[in-house]
Amino acid sequence: MTLVRTGAERLSEDPALAGGTRLGLVTNPTGVLPDLTPTAEALLAAGAPVTALFGPEHGLHGTAQADGAEADGVDERTGLPVHNTYKLAGAELDAAVAAAGVDTLVFDIADVGSRFYTYVWTMYDLLASASRLGLRFVVLDRPNPLGGTVAEGPLLDPAYASFVGRHPIPVRHALTAGELAGRFGFDVDLTVVEMTGWRRDTPWEATGLPWVMPSVNMPTPDTALVYPGTCLFEGTNFSEGRGTTRPFELIGAPYVDGRFAPALDALGLPGVRFREVRFTPTFHKHAGTPVRGVQLHVHDREAFRPVLTGVSMLHVARTLYPDDLRLLPGLDHLWGSGELTRRLEAGEDPRELCPPPGTPSGPLLYG
């Protein structure tokens, strides 16, 4: 039984909530109702004046890998024009939105609760565009699959702003897309179609909603749970499990040996255990090369601290394999500052960068 009614479900029952006469729907495969009807089709069936579709990273249909998108075209199921937004910003994005001829942008994409997941930054850029163009903006809110009670990690240093973080929020932000839209502070006519039935402490499995992969390497809620920490390995020459059936849960490198898993387990990190594994990625880093590493097994979701876990794993990797581990420039953008890289390179313990988790502050829609 579905316990949470999303903003998309509410709008499909009352299209007047969006206002506007020409709606541009920003969506992807996660934009569905509980019965899996795509939001675009549900809104059209309800008489909502949707006239264009906009796709984020990975595309409207989710076919593209990381750092990819789908081309502009026509959606065969609705007959609506499709506009790619990925890697567009400023005047270029304004031109694409203006060419679509909409008066209202409607955002319906599921987030995963981590600052470096790009969909909320698509929303951010489109909010900026709507502000410049004088358009209305509507967010159809959805649950944060990590819940809304625990925030972890540092705020983004604006000097490191990028498409994996445009605004100072924590790594694990504990907010919904609707709450974030309000905090971004754009001068825009903003409406959030709120959920009903969601509490900040509601675990994903209690929402009753179907899990639709937000992107090709986010197959399960378990992936989303570890992602705020293990995604940091994207900024290294470790495999973060892309090219396997358990991305971000499998972490390894060709130079890892039998010391890695025991050293991680010896830390006694809350809520997680580490199992030694060997795997061969089919694409991305070390494609076709057997690697050795660990699989994370979260046994206590409430106690588990993904950001602390990811930083601790990096610290152990740096300690055990100082001549092999390479830290890439992207790590600074993921962390939101250069401090994590600095400490790792200096041989300092970076776990001091992970104080006890806090709670979201400021006005909340679901307090």
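Which residues does the domain assignment of the protein give to domain 1 and domain 2? In this predicted model, domain 1 spans residues 7–206. Domain 2 covers residues 221–353. The C-alpha centres of the two domains are 29 Å apart.

A UniProt annotation from an unreviewed entry applies to part of the chain. The record reads "domain: Peptidoglycan beta-N-acetylmuramidase NamZ N-terminal" and extends over residues 24–221. Within residues 24–221, helix accounts for 21% of the chain and strand for 16%. The C-alpha atoms at the two ends of this stretch are separated by 29 Å.

The two domains meet at an interface. On the side of domain 1, 23 residues are in contact with domain 2. Domain 2 contributes 22 residues to these contacts. About 1800 Å² is buried between the two domains. Carbon and sulfur atoms give 64% of that area. In domain 1, the residues that lose the most area to domain 2 are Phe116, Glu152 and Tyr160. Together these three make up 35% of what the domain 1 side buries.

Polar and charged pairs also occur across the interface. One salt bridge is found between domain 1 and domain 2. Arg305 and Glu152 form a salt bridge, with 3.7 Å between their closest N and O atoms. Glu152 is also one of the three residues of domain 1 that lose the most area to domain 2. Five residue pairs are in polar contact between the domains, with both residues at pLDDT 80 or more. On the side of domain 1 that touches domain 2, 14 residues are nonpolar, four are polar and five are charged.

Definitions and conventions
Residues numbered from 1 in each chain as written. Predicted model: local features only at pLDDT ≥ 70, side-chain atom pairs only at ≥ 80, totals over all residues. Heavy atoms only, no water. Domains from an automatic or database assignment. Contact = heavy atoms within 4.5 Å. Buried area = accessible area lost by both parts, 1.4 Å probe. Salt bridge = Lys/Arg side-chain N within 4 Å of Asp/Glu carboxyl O. Polar contact = N/O pair within 3.5 Å; in protein donor to acceptor, adjacent residues only side chain to side chain. Nonpolar A, V, L, I, M, F, W, Y, C, P; charged D, E, K, R; others polar. UniProt positions renumbered as here; feature names shortened; annotations may be inferred. Helix = DSSP H or I, 4+ residues; strand = E, 2+ residues; numbered from the N terminus.
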